[in-house]
Amino acid sequence: MKTAITELFGIRHPIIQGGMHYVGFAELASAVSNAGGLGIITGLTQRTPELLAKEIARCRDMTDQPFGVNLTFLPTFAAPPYPEYIAAIVEGGVKAVETAGRSPEQYMPALKAAGIKVIHKCTSVRHSLKAERIGCDAVSVDGFECGGHPGEDDVPNMILLPRAAEELKIPFVASGGMADARSLVAALAMGASGMNMGTRFMATKEAPIHDNVKKALVAASELDTRLIMRALRNTERVLDNPAVERLLEIERVKGKDLKIADIHDQVAGIYPKVMIEGDMDAGAWSCGMVAGLIHDIPTVKELIDRIMADAERIIRKRLTGFLDGAIEAGQKVA
Ligand SMILES: Cc1cc2nc3c(=O)[nH]c(=O)nc-3n(C[C@H](O)[C@H](O)[C@H](O)COP(=O)(O)O)c2cc1C
């Protein structure tokens, strides 16, 4: 399949793996790239720019296909040295960067001078248009369903994607709630040129995270995520667990007076405990509603091959079947 996104990044399939804290290591990024998608290393999971340089080199040893690095500009307890992270990306010869959180405007000259394609992930049409204006090559449009930070507008992809298509000139991918061929074909129908998946890629053999996390994703339904930190305007969608329930109780009691310090124990330093040690109740960790569509733990290649084969079947049989008047054609696709 060829789309504006496969052409932009030089990849075989229009599927991107979004940056994920303590998940997006070289193992997962290279597996996605080897399977024909665009794998992404999570820049800030590497505690220093030097460590990111090593992770990029490790990824390059595992794949000869294009891969990218995620740079997240979110409120953190200590501001990372972004220019040095960008230097590591440039010197590592990486040609794709996924930015997220705040606008990447101040870093665009450095990224563009190095010939890097920038895809900015954002949760609204107005931020997508800003990304287009400042010279981003593409946008990852992240709907309200998404794992991680869905923003504060609460617009799901059924509306957000066609709205993005109405306004944007640069290509965009659908992000949030994407799991399978049905997601991909629907995203293409709504004007996207591909899809970005986070949560779904965690439940794969190559994702270098504890088995407990993968099993929790298979067990979870679409009803099992919660939104935290709304009062701080830093909303995050996470998988429910006892620590998240404690956090939500603190939020209920504090109301508008909530401070980040009130919930520090439930949100700070949680990722290594969950992803590496498999302590599922350590605190809050990002997870999309798409957990309800995750029923197995395939290899990344099995997942991507299945998506592309099913997408072809949906388009050629189910959709054209309707045009040909064959109501039953290809009705059962998954
Ligand atoms: C565990 C986890 C950690 C994430 N960490 C980051 C991150 O550090 N930076 C970022 O830009 N997005 C992060 N995301 C968001 C993903 O890149 C992606 O946008 C999101 O998962 C898409 O929604 P989905 O989970 O429904 O596929 C994270 C998502 C998950 C599930």
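User: In this predicted model, which strands and helices each supply at least two residues of the shell around the ligand?

Analyst: One reads such a shell by tracing its residues back to their elements. Here β3 (67–73), β8 (195–197) and α9 (199–202) each contribute at least two residues to the shell around the ligand.

User: How many residues surround the ligand, and which are the closest?

Analyst: The ligand is surrounded by 29 residues, and the closest are Gly18, Ala100, Gly147, Gly198 and Gly288. By class, the shell comprises 16 polar, 9 nonpolar and 4 charged residues.

User: Where does the ligand shell lie with respect to the domains?

Analyst: The domain assignment of the chain gives domain 1 (4–204) and domain 2 (211–290). Both domains give residues to the shell around the ligand, so it lies between them.

User: How many residues does each domain bring to the contact between domain 1 and domain 2?

Analyst: The C-alpha centres of domain 1 and domain 2 are 23 Å apart. Domain 1 brings 22 residues to their contact and domain 2 brings 18. On the side of domain 1 that touches domain 2, there are 10 nonpolar, 9 polar and 3 charged residues.

User: At what angle do helix α8 and helix α14 pack?

Analyst: Helix packing is read from the axes. For α8 (residues 181–189) and α14 (residues 300–323), the angle is about 55° and the axes are 8 Å apart. The angle therefore makes α8 oblique to α14. The crossing of α8 past α14 is right-handed.

User: Which residues meet where α8 packs on α14?

Analyst: From α8, Ala181, Arg182, Leu184 and Val185 meet Ile307, Asp310, Ala311, Ile314 and Ile315 of α14. The residues of this contact comprise 7 nonpolar, no polar and 2 charged.

How values were computed. Residues numbered from 1 in each chain as written. Predicted model: local features only at pLDDT ≥ 70, side-chain atom pairs only at ≥ 80, totals over all residues. Axes fitted to C-alpha atoms, helices over the stretch in contact; angles between N-to-C directions. Helix = DSSP H or I, 4+ residues; strand = E, 2+ residues; numbered from the N terminus. Parallel < 35°, antiparallel > 145°, perpendicular 65-115°, else oblique. Left-handed = near helix turned anticlockwise from the far one by under 90°. Contact = placed C-beta atoms within 7 Å. Nonpolar A, V, L, I, M, F, W, Y, C, P; charged D, E, K, R; others polar. Near = placed C-beta within 6 Å. Domains from an automatic or database assignment.
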